[in-house]
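Notebook open. I am going through one model, starting from a single side chain and working outward.

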Amino acid sequence: MGGKPENVLPAAVAIELVHNFTLVHDDIMDEADLRRGLATVHKKWGVPKAIIAEMLYIQRLLRYFHAQGARPVRLVESLELMSKTCTDICEGQWGMIYLATRKDVTEAEYMRMVEKKTAVLFARVNEDGRFFVRRNNDIARALWDFGRMTGIGFQIYDECNRPDNA
């Protein structure tokens, strides 16, 4: 987008912290033993320590947002979007729990759940650069849409390629 990579590094780290938080959380909820072939955090260290790790991710996230050095208005806007993103992720996870109890899930319901559970974070990553290079909203919207579709595709691929789905 024409900016300097070092200007978006704190935001990228903050988003990766949210991502890792969601993985630890997802593994606890799914009672997963492994993630990508390695012991999950709660299996290796126990649920209480995994929850503490999640809280530390959030604390570090806030620290990295503060370190971004963006103008206060941009920083507030970025934090508001991250807050909405985290809310959407929680709603998507809630939706996944609800849909798992049903046998009559529609494609539209599934897509709404996947969009919130996974795709919003992909979209957020793509859009975040605009806060630091002052690009317009049309570019931000295009980046958001690209990330959203990439996230939906990733989640569908990931679910279809889990060992328990074989």
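**Entry 1. Arg102.** I looked up the polar contacts of the Arg102 side chain in this predicted model. One partner is the side chain of Asp104, at 2.9 Å. Another is the side chain of Glu109, at 3.0 Å. With Glu109, I also find Arg102 listed in a salt bridge, N to O at 3.0 Å. I then checked where Arg102 sits: in the loop between α4 (72-99) and α5 (107-127).

**Entry 2. Salt bridges.** How many salt bridges does the structure hold? I count 12. My note on the principle is that side chains of opposite charge can pair when their charged atoms come close.

I went on to Lys117, which forms a salt bridge with Asp26, the closest N and O atoms lying 4.0 Å apart. This pair links distant parts of the chain: Lys117 is in helix α5 and Asp26 in helix α1 (residues 5-30), with their positions 91 residues apart. Buried or exposed, for Lys117 and Asp26? I find both Lys117 and Asp26 buried.

Next I took Asp27, whose side chain meets that of Arg35 in a salt bridge of 2.8 Å, N to O. I wanted the burial of each partner. Asp27 has 6% relative accessibility and therefore counts as buried, the cut-off being under 20%. Arg35 has a relative accessible area of 22%, so I enter Arg35 as partly exposed. I also looked for links between the two pairs, and found Asp26, Asp27, Arg35 and Lys117 joined in a network of salt bridges.

**Entry 3. Nonpolar cores.** I turned to the nonpolar side chains. In soluble globular proteins, such side chains tend to be buried together. Which residues make up the largest nonpolar core here? I list 8: Ala14, Ile15, Val18, Leu61, Met82, Ile89, Val120 and Leu121. Two or more residues of this core come from each of α1, α4 and α5. The largest share, 3 residues, is given by α1.

A second core is separate from this one and has 6 residues, among them Met96, Met113, Ala119 and Ile152.

I picked Ile15 for a contact check, leaving out residues up to four places away in sequence. Ile15 touches Met82, Leu121, Arg124, Val125 and Asp128.

**Entry 4. A surface patch.** I also searched the surface for nonpolar residues. Val47, Ile51, Ile52, Met55 and Leu56 form a nonpolar patch there, and together they have about 440 Å² of accessible area. I looked at Leu56 in particular, which lies in helix α3 (residues 47-66). Its relative accessible area is 48%, so I record Leu56 as partly exposed.

**Entry 5. The whole chain.** I left the overall figures until last. The chain has 7 helices and 2 strands. Along the sequence I read them in the pattern α-β-β-α-α-α-α-α-α. Of the 166 residues, 34% count as buried. The exposed area of the chain is about 10,400 Å², and carbon and sulfur atoms supply 62% of this area.

What part of the contacts joins residues at least 24 apart? Taking contacts between residues at least 6 apart in sequence, I note 68%. The Lys117 and Asp26 pair from Entry 2, 91 residues apart, is a link between distant parts of the chain.

How values were computed. Residues are numbered from 1 along each chain as its sequence is written. This is a predicted model: local features need pLDDT of at least 70, side-chain atom pairs count only at pLDDT 80 or more; totals for chains, interfaces and linings use all residues. Side-chain values use heavy atoms; hydrogens and water are left out. Helices (H or I, at least four residues) and strands (E, at least two) are DSSP runs, numbered from the N terminus. Buried means under 20% relative accessible area, exposed over 50%, partly exposed in between (1.4 Å probe, protein chains only). Contact means heavy atoms within 4.5 Å. Accessible areas come from the Shrake-Rupley method with a 1.4 Å probe; for residues, only the protein chains shown count as cover. A polar contact is a pair of N or O atoms within 3.5 Å; within protein, one must be able to donate a hydrogen and the other to accept it, and residues adjacent in sequence count only if both atoms are side-chain atoms. A nonpolar core is a set of buried Ala, Val, Leu, Ile, Met, Phe, Trp, Tyr and Cys residues joined through side-chain atoms within 4.5 Å. Patches are made of residues with over 30% relative accessible area and no salt bridge: like charges are joined within 9 Å, nonpolar side chains (Val, Leu, Ile, Met, Phe, Trp, Tyr) within 5 Å.
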